[in-house]
Structures are given as C-alpha cells and as structure tokens.
Amino acid sequence: MAESVPELSGLGLLTWVYPPGLVDRVVAACGRREQRRRLLPARLVVYFVLGLALFSPAPYLEVLRHMVEGLRGAGLLGSWRVPAKSSLFRAREWLGSEPLRVLFAASAGPLADERTPGAFWRGLRLVAVDGSCWDATDSAANEKEFGRPGNSRGPDKAAFVQVRMAALVECGTHTVLDAELDGCRVGELTLSARLVRSAGPGMLVLADREFLGVPLWRAFAATGAHLLWRVPANRVLPVQQRLADGSWLSRIHAGTDSKKRDPVRVRVTAYGLRGVPRCRGEQVPAGHRPARPGGVFRLGTCRVVSPAVGDRVRAG
C-alpha cells in the first residue's frame with residue numbers, strides 16, 4: 001500500500017490525527033512490529049482498530065473496505081486484497097491493547113486556540129471532568145475484567161457487562177485530553193483522581209456536583225488550575241464573608257475531618273435560570289489575584305482580590 005497518499009482513502013482522517021510515523025514508533029516501542037511483510041501490517045491494524053471505533057455499527061470487513069476504498073479507486077493497492085475475517089480477528093488479538101493506550105497518551109492534547117468558540121474564558125482554557133458508563137459485549141472475559149452492575153429488580157445482576165469512564169475534555173472542541181477506564185464498580189471519583197496529571201495552569205476545570213469533595217478539589221488545585229464546580233443542593237456553605245458582588249467566602253471540609261480543623265476556603269456564587277427555581281450554585285476557589293480583569297482567582301491562598309472588592313477582603 002502506498003504511504004504517500006493516505007488522504008485518498010478513508011484512512012485520511014486517521015492519518016491526519018495519527019501520522020504514520022507516530023504509529024510506527026508506537027508499534028515498535030510496544031514490540032508489535034512485524035518481522036516480515038504481511039497482508040495486515042501492524043500500522044494498518046492500528047488504523048483498522050481505530051476505524052472500528054469510528055464505524056462501530058459496521059462489520060469488520062465493511063470497516064476495512066471503507067478505509068481502503070479510496071486507495072483502490074486510485075489504483076494504489078496493487079496486488080493487496082482484503083483479508084479474511086478470521087485474519088482480522090487474529091491480527092487484532094496479536095496487536096493487543098497496549099499500542100492503542102500508548103498512541104492515545106502520545107497524541108492527546110488540546111486543539112483549540114483563542115479563536116475557537118467556547119474554548120476560552122478570559123484567557124483560561126475551558127476543560128470539564130465528567131464520567132460515563134456503557135454496555136460491553138456479554139462475554140466471560142469482559143465480565144471478569146469489568147463486572148456487571150446490580151439489578152434493582154432482584155438478586156440477579158444486570159444483563160450486560162458495563163465499563164465506566166472518566167475523562168478530561170476540552171470544552172470548545174470536545175477533544176478528550178485524558179481518560180481512565182475501569183470496571184463498573186469503580187467510582188467516577190476514583191477514576192477522576194487519575195486525571196489530575198493532565199490539568200495545569202491556564203485551565204479552568206469545570207465539574208458537576210457529584211465531583212465536589214475536598215481530596216479531589218485539592219488534587220486539581222495543586223496543579224495550578226482554576227476550578228469552577230457545582231455544589232449539591234443539600235450542601236451547607238455558611239457565609240463567612242459577604243462580597244460586594246453577592247458571592248461569599250465559605251469553607252468546605254472532607255468527610256473525614258469531623259472536627260473541622262482542615263478546611264478548604266472557597267468562594268461561592270448563587271445563580272438561577274429563567275423558569276427554573278433558584279439553586280445553590282457554582283463554586284470557585286478563594287485565591288490571590290485575577291488571572292484577567294474580572295475576577296478569576298488563583299488557587300492555594302486565603303485571599304480574594306478582584307476589581308469589585310480590591311484589597312478590602314483580607315486573609316482570614
């Protein structure tokens with residue numbers, strides 16, 4: 001197969017995101033480089049497995065045909081032919097999962113710039129932590145690896161194996177910056193704690209109310225990122241100091257801090273949506289000074305400075 005014209009086939013998008021040279025280096029690093037010329041070279045098998053994700057409803061052979069159709073039409077396939085389905089099964093098993101994990105780690109990263117709609121707010125890159133759960137093939141191997149959730153209708157387990165994922169996503173492009181997968185009985189908070197490695201200065205990390213907890217908050221805060229997390233409706237956030245814009249300073253404690261000796265200081269805002277009852281709302285950290293005029297606050301200190309209140313808010 002010609003290497004210089006991948007844009008002529010269904011491989012075009014995949015080779016743009018994952019250049020052939022990068023795929024070859026990953027395959028070699030994982031010890032999956034073929035020793036002789038095969039009908040299914042390792043590079044093509046990598047792209048084939050990625051294609052299965054893009055065209056998940058389609059059968060194996062249909063996915064492969066779609067990927068190479070452009071090359072065939074341009075007369076670039078030569079004597080190459082679509083292999084038997086059993087060959088694809090064996091090739092996928094031979095490749096294994098490690099090259100895909102390494103390829104993701106080597107290529108994942110933000111794509112947006114300041115011109116991308118919805119990607120930045122006052123100079124901060126908007127990213128979000130969230131989780132999901134989906135059904136997997138009902139097989140003994142999958143059940144051993146991922147498990148099944150319980151069944152509320154009786155003692156039996158659910159019909160399908162389930163996989164849980166937590167991801168850090170760039171808001172403007174929906175690009176996955178990092179992800180962790182595990183069995184359905186591993187909680188989203190556990191998986192999300194592993195995503196801290198991909199957060200850092202210049203980010204505004206958004207999270208929904210089920211993620212609010214002192215250990216996870218501190219872990220993300222320690223990276224230098226800014227945080228903006230929703231608060232559960234039953235969470236009590238006492239007012240310690242009211243600010244001029246209507247927000248207030250408060251403290252949150254870990255569930256293990258029964259004597260409330262190790263608080264995290266936060267700034268709390270209340271918000272409402274038209275037609276929706278007013279609710280207790282977004283939480284941002286107390287900090288040192290705005291990253292941009294308008295009140296985005298640095299983490300890790302016990303002072304808030306913004307154009308609205310200036311230096312009138314002192315360290316508590």
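Asp-138 is partly exposed, with a relative accessible area of 46%; on this scale, buried means under 20%, exposed over 50%, and partly exposed in between, computed with a 1.4 Å probe on protein chains only. Its partner Arg-148 counts as buried, at 12% relative accessibility. The two form a salt bridge in which the closest N and O atoms are 2.4 Å apart. The term denotes a side-chain nitrogen of Lys or Arg within 4 Å of a carboxyl oxygen of Asp or Glu. This pair links distant parts of the chain: Asp-138 lies in the loop between β2 and α7 (140–146), and Arg-148 in the loop between α7 and β3, 10 residues apart. Helices (H or I, at least four residues) and strands (E, at least two) are DSSP runs numbered from the N terminus.

I should state that this is a predicted model, where local features need pLDDT of at least 70 and side-chain atom pairs count only at pLDDT 80 or more, while totals for chains, interfaces and linings use all residues. Residues are numbered from 1 along each chain as its sequence is written, and side-chain values use heavy atoms, leaving out hydrogens and water.

By the salt-bridge rule, the count comes to 12. One of them joins Arg-125 and Glu-170, at 2.6 Å from N to O. Arg-125 sits in strand β2 (residues 124–136) and Glu-170 in strand β3 (residues 161–170), 45 residues apart. Both Arg-125 and Glu-170 are buried.

Another salt bridge connects the side chains of Arg-115 and Asp-113, 2.7 Å from N to O. Here Arg-115 is exposed, with a relative accessible area of 73%, and Asp-113 is partly exposed, at 30%.
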